[in-house]
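Work through the exercises below with the sequence and the model open. Each task is followed by a solution in steps.

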Amino acid sequence: MASRYYFLSSLSMLRFSDSAPMSWEDFLSQARGNVSESDYRTLSSIADGNKLSNSFLRKWDELNRKLDDAVNERRRKALNRAQQSSVVFRDFDIEKVTNAALNAKNPLEAELVLMRFRYDWLEVQKGFEPFSETALLCYALQLRILLRKDLFNVEAGNEQFRSMFDNIQKELKVD
């Protein structure tokens, strides 16, 4: 019998400071048969980008849109480009995290600030119902954030930067 209660209680606890305890495919594999078919379809829709008609996932998309808009607006302002938004007031938390991200010392740190904000927002959304559909979706989205965070590697990033910089220097010397 599929039950999200048993499934959620069997999962590893997630912490932003830790690595993801499993891959997305492993998570979906464990979920199949352990949650209702409806819950499984909703979980599967997260990776596809097809949010179906789930109200929580629409709320999640709205948060991400607002955050992206705020970051882009600040970038345009920093580049002295015309502002496209007519929004006068923004959410205080979004403004605060946008400022922190744009004041970060490097792009990796800025991305981590944004990921941490999203992760913490999901943590608040779980509320006091640890076995609700929202808790299941929060777990899945937090897992995806951790999986993305695990892809970031300072050494690999520096190596990629050096490679790109060397290529640009070679192109400039050839001309």
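Two residues are in contact when heavy atoms of theirs lie within 4.5 Å of each other. The model is predicted.

**Exercise 1. List the residues that Phe27 touches, leaving out those up to four places away in sequence.**

Step 1. Apply the contact cut-off to Phe27: the residues touched are Phe7, Leu11, Met22, Leu43, Leu136, Tyr139, Ala140 and Leu143.

Step 2. Check the exposure of Phe27. Its relative accessible area is 0%, so Phe27 is buried.

Step 3. Place Phe27 in the core. The largest nonpolar core has 43 residues, and Phe27 is among those with the most contacts inside it, along with Leu43, Ile46, Phe56 and Leu122. Helices H1 (4-10), H2, H3, H4, H5, H6 and H7 each supply at least two residues of this core. H7 gives the most, with 10 residues.

**Exercise 2. Classify the ring pair of Phe27 and Tyr139.**

Step 1. Count the candidates: a search of the whole structure finds 7 aromatic pairs.

Step 2. Take the geometry of this pair. The ring centres of Phe27 and Tyr139 are 5.8 Å apart and the planes meet at 25°, so the pair is stacked. The cut-off for stacking is an angle under 30 degrees.

Step 3. Locate the partners. Phe27 is in helix H2 (residues 24-31) and Tyr139 in helix H7 (residues 133-151), 112 residues apart.

Step 4. Check Tyr139 for exposure: its relative accessibility is 6%, so Tyr139 counts as buried.

Step 5. Extend the pair. Phe7, Trp24, Phe27 and Tyr139 form one aromatic cluster. Over the face of Trp24 lies Arg144, at 4.7 Å from the ring centre. Elsewhere, the charged end of Lys149 sits over the ring of Phe16, 5.1 Å from its centre.

**Exercise 3. Determine which helices the pair of Phe56 and Trp121 ties together.**

Step 1. Classify the pair: Phe56 and Trp121 are stacked, with 6.0 Å between centres and 20° between planes.

Step 2. Assign the helices. Phe56 lies in H4 (residues 55-78) and Trp121 in H6 (residues 107-126), so the pair ties together parts 65 residues apart in sequence.

Step 3. Check exposure: both Phe56 and Trp121 are buried.

**Exercise 4. Describe H4 from its start to what follows it.**

Step 1. Start at the N-terminal end, which Asn54 caps with a side-chain oxygen 2.9 Å from the backbone nitrogen of Phe56.

Step 2. Compare the span with expectation. The 24 residues of H4 reach 35 Å from first C-alpha to last, close to the 34 Å expected at 1.5 Å a residue.

Step 3. Pick out the buried residues, among them Trp60, Asn64, Glu73 and Arg76. Their cover includes helix H3 (37-48), helix H5 (92-102), H6 and H7.

Step 4. Look past the helix: H4 is followed by Asn80, with a positive phi near 55°.

**Exercise 5. Repeat the description for H6.**

Step 1. At the start of H6, a side-chain oxygen of Asn106 comes to within 3.1 Å of the backbone nitrogen of Leu108.

Step 2. H6 has 20 residues and spans 29 Å from first C-alpha to last, close to the expected 28 Å.

Step 3. Its buried residues include Ala110, Leu114, Arg118 and Trp121. The buried residues of H6 pack against H4, H5 and H7.

Step 4. Just after H6, Gly127 has a positive phi of about 65°.

Methods:
Residues are numbered from 1 along each chain as its sequence is written. This is a predicted model: local features need pLDDT of at least 70, side-chain atom pairs count only at pLDDT 80 or more; totals for chains, interfaces and linings use all residues. Side-chain values use heavy atoms; hydrogens and water are left out. Rings of Phe, Tyr and Trp (its six-membered ring) pair if their centres lie within 6.5 Å; planes under 30 degrees apart count as stacked, over 60 as edge-to-face and the rest as tilted. Helices (H or I, at least four residues) and strands (E, at least two) are DSSP runs, numbered from the N terminus. Buried means under 20% relative accessible area, exposed over 50%, partly exposed in between (1.4 Å probe, protein chains only). A charge sits over a ring if NZ of Lys or CZ of Arg is within 6 Å of the ring centre and within 35 degrees of the ring normal. The expected span of a helix is 1.5 Å times one less than its number of residues. A polar contact is a pair of N or O atoms within 3.5 Å; within protein, one must be able to donate a hydrogen and the other to accept it, and residues adjacent in sequence count only if both atoms are side-chain atoms. A nonpolar core is a set of buried Ala, Val, Leu, Ile, Met, Phe, Trp, Tyr and Cys residues joined through side-chain atoms within 4.5 Å.
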